[in-house]
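Trainee: I'm new to this structure and I'd like to slow down on one part of it. Could you take me through the sheet and whatever sits against it?

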Amino acid sequence: MREGLVVSDAGPVTCVMTRFGLRGPRHLVPSYLEYRRVVREAREVPGLLKAAFLVDSPASWLSMSIWSEPAAIPAFGTHSMRHVHAAGEMFRRLAFDPARGPELWSTTWRLESVSENRNWGDLELGERAGAAR
């Protein structure tokens, strides 16, 4: 993620969103600090365009990342030692229902269109994802 990064019209981008339901509000700040360490390492991964920590409630948060190279997503998830460590640590903080398991889910999708105002700080999606129709 470089300053003033402009994404060309080479093709659509991929977005990953993961939601973490925590055992309680006291786990939010440690989760954020670990997230920042993971993102610091992720910035070295080719293909990552942008990442964000989104607070859903005092006891839940979402990680959102935008990628130009879909193949970089699983490569980062398994080869980044910081990410592997953070994933293990996160399970201690997650709410757990014996019948349903940990409160954790993730989704991945391709962005095929975005609104006319496509700027997000230093990221300009340009024609890569196309304007909303």
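Mentor: Here's a walk through the sheet, strand by strand, and then the helix lying across it. Keep in mind that this is a predicted model.

Let's start with the layout. The open sheet is made of 4 strands, and reading across you meet them in the order β2-β3-β1-β6, with antiparallel pairing. At the edges you'll find β2 (48–57) and β6 (104–111); each has a single partner strand, so one side of each has no neighbour in the sheet. From one strand to the next, the twist averages 15°.

Now look at β1, which covers residues 13–21. What happens to its residues, are they buried or exposed? Here 9 of the 9 are buried, so the strand is largely enclosed by the rest of the structure. That holds for both faces: Val13, Cys15, Met17, Arg19 and Gly21 point one way, Thr14, Val16, Thr18 and Phe20 point the other way, and all are buried. On one flank, β1 is joined to β6 by 8 bridges, with the two running antiparallel. If you want a spot to click on, Met17 has Thr107 of β6 as its bridge partner. β1 is also joined to β3 by 8 bridges, again antiparallel, and there Cys15 stands opposite Ile66 of β3.

Carry on to β3, residues 60–67, which is linked to β2 through 8 bridges in an antiparallel pairing. Along that seam, Leu54 sits opposite Leu62 in β3.

Next comes the helix. α1 (residues 28–42) lies across β2 and β3, and its direction makes an angle of about 175° with β2. This helix has 15 residues and spans 20 Å from first C-alpha to last, close to the 21 Å expected at 1.5 Å a residue. Which of its residues are buried? They are Leu28, Ser31, Glu34, Tyr35, Val38, Val39 and Ala42. Those residues cover an arc of only 145° around the axis, which means they're on the same side of α1. Turn to the other side of α1 and you'll see Val29 and Arg40, which are exposed.

So what do the buried residues of α1 pack against? Their partners are β2 and β3, along with two helices, α2 (72–79) and α3 (81–91). To put the pieces together, α1 lies across β2 and β3, while β1 is bridged to β3 and to the edge strand β6.

Conventions. Residues numbered from 1 in each chain as written. Predicted model: local features only at pLDDT ≥ 70, side-chain atom pairs only at ≥ 80, totals over all residues. Heavy atoms only, no water. Pairing = 2+ DSSP bridges. Axes fitted to C-alpha atoms, helices over the stretch in contact; angles between N-to-C directions. Contact = heavy atoms within 4.5 Å. Expected span 1.5 Å × (residues − 1). Buried < 20%, exposed > 50% of the residue type's maximum accessible area, 1.4 Å probe, protein only. Arc of directions from axis to C-beta.
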